[in-house]
Amino acid sequence: MALAGLLATAIVAFIVVVLFMSWFSNPPFGWGNAPAQPIPFPHTVHAGPVEEGGHAIQCEFCHRNVTTGAAATVPAVEVCVICHKQVNGANAKADVAEPETLINIQRVLDKHADGRPIDWERVHRMPDHVRFVHEAHLRFLTQGEERTVTLPIGDEEPMQLPVPVQEACSVCHGDVASMTEVQPQDGQSLKMGTCLDCHRENDVSTDCTVCHK
Amino acid sequence: MPNASYEHKWGMVVDLDKCTGCQGCVIACQAENNIPINTKDYFLQRRAYEWIRIERYWEGEYPNVKARFMPVLCQHCENAPCEPVCPVYATYHNEEGLNVQVYNRCVGTRYCINNCPYQVRMFNYWHPNWPARLENQLNPDVTVRSRGITEKCTFCVQRIRRGELKVESQGGQRLNDDTIAAGNYDPACVQACPTNALMFGDLSEDRQPSPSAIKPYFDDVNAHPGHGEHDRETRGYRLLEEMNTRPSVIYLKKVDPYPLKGGH
């Protein structure tokens, strides 16, 4: 009898823990864990500011579809090779020093030589029944008249619009340029409540069919 | 009338004189909306489903017989009987005159299915599955519905949304007949119909630059309310008009130059 009670307690506790975790964690992984990528990709080096050793590549240079379509898209290996056919250690002008970095760059070049894609792990995953169009949201943030808005996401400071694309991305994704591993940040859980708060605040339709498909 | 306040008011005209019963719309709908493949088993259990179906009626006695076809899809009624019976508000009328089904709210009570006089709401009895090769052709703009929920025709709302975004991003005005035709934002059934028996358009009052091509059909039917299909001078009528559901789909009856002798 005591054993049955113990078992029941354990099962209930397990369910409570699972519910607790799934509610409070960020949708894809939770607890701030970024997924392991097949090849380490430090956004700090690629998109970070030049003063801090980055190369300040614009977001939309690699995530090419972000200003024209629904998905931002992860670049094809060819886009990596635009730079990395020069930046591969063999070129004296390109200062890649660490042997580990060189190995990783070589792996990218090998993939390109084989004509195979890199199997990046997805970081921000929307549920299947949600439609999110990057193009429309970037249009709101980067175009139109000058105006001040308070977006209920991130630090919730009043914001002057329009902003450059780079800043627009960081409203929801955080300062990706400072992340070695990309992951959703605190206050940027991308839950439905965040979407609705922002849509209400800015007088955008909250009809179900706008987002749900 | 509620449609005066709508930003859009989507509607459809089905011309039965042009319909050949080819089932093109049924297949187009299945491909567009990720509808599982109906197998023999499903039919035998009477649980096969299609969002648009071709109803077939035989007229006359063999050998003097004629087949009549009628495509039936969700009528997007203004007085929809399915809406007030949903206990979780999963089906509602939106500002564009669409009868919307929110899949992730639906709990599968099936009240709406039983209250729909047109029998166009379908219940998902199984986990949807496709042969492995076909999974790559699923439409990413439409969710794959899970087991245990109700689903139905949406007037391909994903295409309407795509069209609206396209028009907005080009700095244009609202979606209208021309932009719909130019971008193929018609519902899949309309796009696929080889005889143009199905027509889709925006019926809202202040539609720019000019009224939709299908508006006159609706004006005619609205001008003679409640008289049924036999009293109007033109061919338009609504299905089960006497129930006052006020569908957004109207039918144009078939005019047969060679009626059967002795008729029906």
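## A nonpolar patch, a packed helix and salt bridges across two chains

A:Leu7, A:Ile11, A:Phe14, A:Ile15, A:Val18 and A:Leu19 make up a nonpolar patch on the surface. Together these six residues have about 610 Å² of accessible area. The model is a predicted one. One member of the patch, A:Ile15, sits in helix 1 of chain A, which runs over residues 2-24. A:Ile15 has 45% relative accessibility, so this residue counts as partly exposed. In general, an α-helix has 3.6 residues a turn, so residues three or four places apart point the same way.

**Chain A overall**

Chain A has 213 residues, and 29% of them count as buried. The chain contains nine helices and two strands. Along the sequence the order is α-α-α-α-α-α-β-β-α-α-α. Take the contacts in chain A with a separation of 6 or more: residues 24 or more positions apart account for 55% of them. The chain exposes about 13700 Å². Carbon and sulfur atoms supply 60% of that area.

**Helix 6 of chain A and its neighbours**

Helix 6 of chain A covers residues 134-142. Its buried residues are A:His134, A:Glu135, A:Leu138, A:Arg139 and A:Leu141. What covers them? The cover includes strand 2 (158-161) and helix 7 (165-173) of chain A, along with helix 4 of chain B.

Two helix packings follow. Two packed helices are described by the angle between their axes and the distance between the axes.

Within chain A, the axes of helix 6 and helix 7 come within 9 Å and cross at roughly 115 degrees. This crossing is right-handed. On the helix 6 side, A:His134, A:Leu138, A:Leu141 and A:Thr142 take part. They meet A:Val165, A:Ala168 and A:His173 of helix 7. A:His134, A:Leu138 and A:Leu141 are among the buried residues of helix 6.

The other packing joins the two chains. Helix 6 of chain A and helix 4 of chain B (residues 157-169) have axes that come within 10 Å and cross at roughly 30 degrees. Here the crossing is left-handed. Chain A brings A:Glu135, A:Ala136 and A:Arg139 to the contact. Chain B brings B:Leu165, B:Glu168 and B:Ser169. A:Glu135 and A:Arg139 are also on the buried list for helix 6.

After helix 6 of chain A comes A:Gly144. The phi of A:Gly144 is positive, near 95 degrees.

**Salt bridges**

The count over all chains comes to 17 salt bridges. Three from chain B are tabulated here.

| Salt bridge | Closest N to O distance |
|---|---|
| B:Lys9 and B:Glu78 | 3.4 Å |
| B:Lys66 and B:Asp256 | 2.7 Å |
| B:Glu151 and B:Arg145 | 3.0 Å |

B:Lys9 and B:Glu78 form a salt bridge that links distant parts of the chain, 69 residues apart. B:Lys9 lies in the segment before strand 1 (10-15) of chain B. B:Glu78 lies in the loop between strand 3 (64-72) and strand 4 (91-93). Is B:Lys9 buried or exposed? B:Lys9 counts as buried because its relative accessibility is 1%. B:Glu78, at 11% relative accessibility, counts as buried too.

B:Lys66 and B:Asp256 meet through their side chains. B:Lys66 is in strand 3 of chain B, and B:Asp256 is in the segment after strand 10 (249-252), so the pair ties together parts 190 residues apart in sequence. B:Asp256 has 22% relative accessibility and therefore counts as partly exposed.

In the third pair, both B:Glu151 and B:Arg145 are buried.

Salt bridges also form a network. A:Asp207, B:Glu96, B:Arg161 and B:Glu164 are linked in this way.

**Two sites in chain B**

B:Asn99 is found in strand 5 of chain B, residues 99-101. Its relative accessibility is 2%, so B:Asn99 counts as buried. Which residues does B:Asn99 touch, not counting those up to four places away in sequence? They are B:Cys74, B:His76, B:Ala80, B:Cys82, B:Glu83, B:Thr91, B:Tyr92, B:His93, B:Arg121 and B:Lys152.

B:Pro131 lies in the loop between strand 6 (122-123) and strand 7 (150-151) of chain B. B:Pro131 is partly exposed, with a relative accessible area of 40%. B:Pro131 and B:Pro71 are 60 residues apart in sequence. Their C-alpha atoms are 28 Å apart in space.

Definitions and conventions:
Residues numbered from 1 in each chain as written. Chains lettered and ligands numbered in written order. Predicted model: local features only at pLDDT ≥ 70, side-chain atom pairs only at ≥ 80, totals over all residues. Heavy atoms only, no water. Patch = residues over 30% accessible without salt bridge, like charges linked within 9 Å, V, L, I, M, F, W, Y side chains within 5 Å. Areas by Shrake-Rupley, 256 points an atom, 1.4 Å probe, with all protein chains shown as cover. Salt bridge = Lys/Arg side-chain N within 4 Å of Asp/Glu carboxyl O. Helix = DSSP H or I, 4+ residues; strand = E, 2+ residues; numbered from the N terminus. Buried < 20%, exposed > 50% of the residue type's maximum accessible area, 1.4 Å probe, protein only. Axes fitted to C-alpha atoms, helices over the stretch in contact; angles between N-to-C directions. Left-handed = near helix turned anticlockwise from the far one by under 90°. Contact = heavy atoms within 4.5 Å.
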